[in-house]
Amino acid sequence: MYKKVTIDLGGRPLSIETGRLAKQASGTALVTYGETVVLVTATAAKDPKAEIDFLPLTVEYQERFYAVGRIPGSFFRREIGRPTDKETLSARFIDRPLRPLFVKGYQHETQVIATVLSADQKNDPDVLAMIGASCALIVSDIPFNAPVAGVKVGYVDGQYVLNPSPEEWEKSRLNLIVAGTKNAVVMVEGGADSLSEAEVLEGIFFGHQALQPILEMQEEMRAAVGKAKMAVAPPVVNEALKAKVAELAREEMQAVITMADKQQRSELYHQLQKKILAALGEEYGDSLKEAKEHLHSLNKTMMRDRIVKEKSRIDGRRFDEIRPISCEVAALPKVHGSALFTRGETQVMVSATLGSGDDEQRVESLTGMSFKRFMLHYNFPPYCVGEVRFMRGPSRRDIGHGALAERALAAVLPKDDEFAYTIRIVSEVLESNGSSSMATVCGGSLALMDAGVPIKKPVSGVAMGLIKDGDTIVILSDILGDEDHLGDMDFKVTGTDEGITALQMDIKIEGVSKEIMTSALAQARGGRLHILEKMKMAIETSRAEVPAHAPKIFSLQINPDKIRDLIGPGGKMIKSITADYGIKMDVEDSGKVTIFAPNGEVAQAVIAKVNEIAADPEIGRIYDGVVQKILDFGAFVQIMPGVDGLVHISELDNKRVEKVTDVLKEGDEVRVKVLEIDQRGKIRLSRKAVLQEEAGS
């Protein structure tokens, strides 16, 4: 059945329709906002996969260049098979709010695919894909509990703006994606220009209020054309087995959940599991998989009870206490900037590398070609958690964590005209027990300062957790990996001592209230400030200069009319300079020349050469020139690259000259003085004036 619903959202029409396209999918939604159109489909396998114990959901987001009337620039002239970072990040933030809202026990493989069909470059297609994903699931037979919607929120001139235009984004101090259900916020992702906790919080709930009409649209669609949901049989629980596992394991599980060391805790759990399975083998040999699940559930329940009822964490810390921190800068000798940051059992080695404009990352997207001068790459090798697995490049998680840390640090970087380097940060996670992305932010800030990058302020980050048991709420600072897994919220906050630069929140329950988020942000601020104090012990501000072994960048301004001379015919002049001095040079249309040299001495020599080429001739000044052409009435002499003047035959010598060739020949070097430059730029030169001056001296 066909159904279309349209509303006004932020002064633009938003419509959702189903029943016209891709009708063989379980559910379909075509979302249009302005002239941006996104098709989203949801499809589920016919039979469940009983052998798995997780939700087999896959979300794909794909941008097509035809959507903006362009042909891809790749060699194959088609979209490459591997998703771009932008597509990966969009797929992640669509997936995260959807996942907790499926019926528990649902095990059918499910695939959501969002395809951008048209993009007006004014209305972001990624948030439309989130709306379409929810609607496609809602109208399908897939057991998805409640609609979810998303909007983007900016903060321009002290006012919150819904789904800002590109011009508004340029001025916005806030860039948030907010996803929510009718009653609660379920996901937040974004960055801020050191805004206060209160300002960010108001932006989140401004977004939550603004997305309510989108939820109502989906409910109208479901009422009109929604399919009956497939039945999901509740999992059959062997209560006798569950009780037996608890009886056998409870006492020794107490030792597991009170072991502070991660590796020892893991080993204790592993040994306990072997012992329990061996004890159950004879009586419950066919149910050992279920026995593992009951043991895991017991572990989770006892950990949560210890926190909520006994007010004690796994490692004995207070709820707001940060693990021990150590910081070391200049940890690597040949790296431009480096830092080793350790917090508890989480450790990262972060490096900062400085490059030229040629090192900027070229990014081809629907908005056109752009260049990134700041990149942050996050690597999470298997050894950091004591595992063995294939290494196949960055995962979605690696890309997502890197993007969060990049956003956190980008807010404090100097502007291009203040620091012209391209900057790359790489975080190698050496050990992980929670909050490795936040450790990356801290280590990245230290590495930037060590490299002499004049950041506005140091940035730290902390991961917050939440456990909700009835009306009891516990907020945890600097969560461990196990606290993340057993908790109901993962809330990462980064910022300076002035305010927030980035945040990311994922909710595993139906949502959290404004009051809970207020408390979490306040507690996170205390943690961030504590971490900043520890970081200051290693390095308080950026070094005055980049390291001696780092390349040097110098800039100067020349007359734009001289760019042609500096480049030379076919680039001959600039190629010669870069080859002779071993440097890189970038010349902008404005006349700004940026020189990227191995050291300051070479740079100064290049600056002198550029000034020589770009200088305007001065009346009365003597130049060493080269004869370019001989005529009957005089000789044309080049006094500067691309600048010629005429030495009339009467100005060749102190005595009468019969023929020009009696004095000069083509290719001769000659000293000449500029006598006159007329309104048309023609230059009159004199050799005679130089001879007279030299004779007088």
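A salt bridge, as the term is used on this tour, is a side-chain nitrogen of Lys or Arg within 4 Å of a carboxyl oxygen of Asp or Glu. The model is a predicted one, in which local features need pLDDT of at least 70 and side-chain atom pairs count only at pLDDT 80 or more, while totals for chains, interfaces and linings use all residues. Residues are numbered from 1 along each chain as its sequence is written, and side-chain values use heavy atoms, with hydrogens and water left out.

**First stop: Lys152 and its partners**

Select Lys152 and Asp124, whose side chains form a salt bridge with an N to O distance of 3.0 Å. Lys152 belongs to strand β7 (residues 149-156) and Asp124 to the loop between β6 (108-118) and α2 (125-139), so this pair ties together parts that are 28 residues apart in sequence. Helices (H or I, at least four residues) and strands (E, at least two) are DSSP runs, numbered from the N terminus. Lys152 is buried, at a relative accessible area of 9%, whereas Asp124, at 28%, is partly exposed; buried means under 20% relative accessible area, exposed over 50%, and partly exposed in between, with a 1.4 Å probe and protein chains only.

Now add Asp126, which also forms a salt bridge with Lys152, the closest N and O atoms being 3.3 Å apart. Because Asp126 lies in helix α2 and Lys152 in strand β7, the pair ties together parts that are 26 residues apart in sequence. Asp126 is buried, with a relative accessibility of 5%. To see the wider arrangement, extend the selection to Glu63 and Lys86, which are linked with Asp124, Asp126 and Lys152 in a network of salt bridges. Side chains of opposite charge can pair when their charged atoms come close. The structure as a whole holds 47 salt bridges.

**Second stop: the cavity**

Keep Lys152 and Asp124 selected, and add Arg12, Tyr33, Lys122, Asn123, Val127, Asn163, Pro164 and Trp169; together these residues line the largest cavity. A search of the whole structure finds 1 cavity of 30 Å³ or more, and the volume of the largest is about 60 Å³. On a 1 Å grid over the protein atoms alone, a cavity is a set of points where a 1.4 Å probe fits but cannot get out, and lining residues have an atom within 4 Å of a point. Grid points are joined across faces, edges and corners, and a volume is the space filled by probe spheres set on the points.

Among the lining residues, pause at Asn163, which has a positive phi of about 45 degrees although it is not a glycine. Asn163 sits in the loop between β8 (159-162) and α3 (166-171) and is buried, at a relative accessible area of 8%. Another residue other than glycine with a positive phi, near 50 degrees, is Ser194, which you will find in strand β10 (residues 185-195); Ser194 is buried, at 18% relative accessibility.

**Third stop: Asp416 and Arg373**

Select Asp416 and Arg373, which form a salt bridge whose closest N and O atoms are 3.1 Å apart. This pair links distant parts of the chain, with Asp416 in the loop between α9 (396-410) and β17 (422-431) and Arg373 in the loop between β15 (368-372) and β16 (374-379), 43 residues apart. Asp416 is partly exposed, at a relative accessible area of 44%, while Arg373 is buried, at 14%.

**Last stop: the annotated positions**

Which residues does the UniProt annotation "binding site" cover? In the unreviewed entry, it covers Asp484 and Asp490; UniProt positions are given in the numbering used here, feature names are shortened, and annotations may be inferred rather than shown by experiment.

Asp484 is in helix α11 (residues 481-486) and is partly exposed, at 23% relative accessibility. Leaving aside neighbours within four places in sequence, Asp484 is in contact (heavy atoms within 4.5 Å) with Ile479, Asp490 and Lys508.

Asp490 is in strand β20 (residues 489-495) and is buried, with a relative accessible area of 9%. With residues up to four places away in sequence again not counted, Asp490 touches Ala463, Met464, Ile479, Asp484, Gln504, Met505 and Asp506.

Finish at Ser435, in the loop between β17 and α10 (436-450), which is buried at a relative accessible area of 9% and whose contacts, beyond four places in sequence, include Ala463 and Ile479.

Terms used. 1 Å grid on protein atoms, 1.4 Å probe; cavity = no way out; pocket = protein on both sides within 12 Å on 5 of 7 lines; lining within 4 Å.
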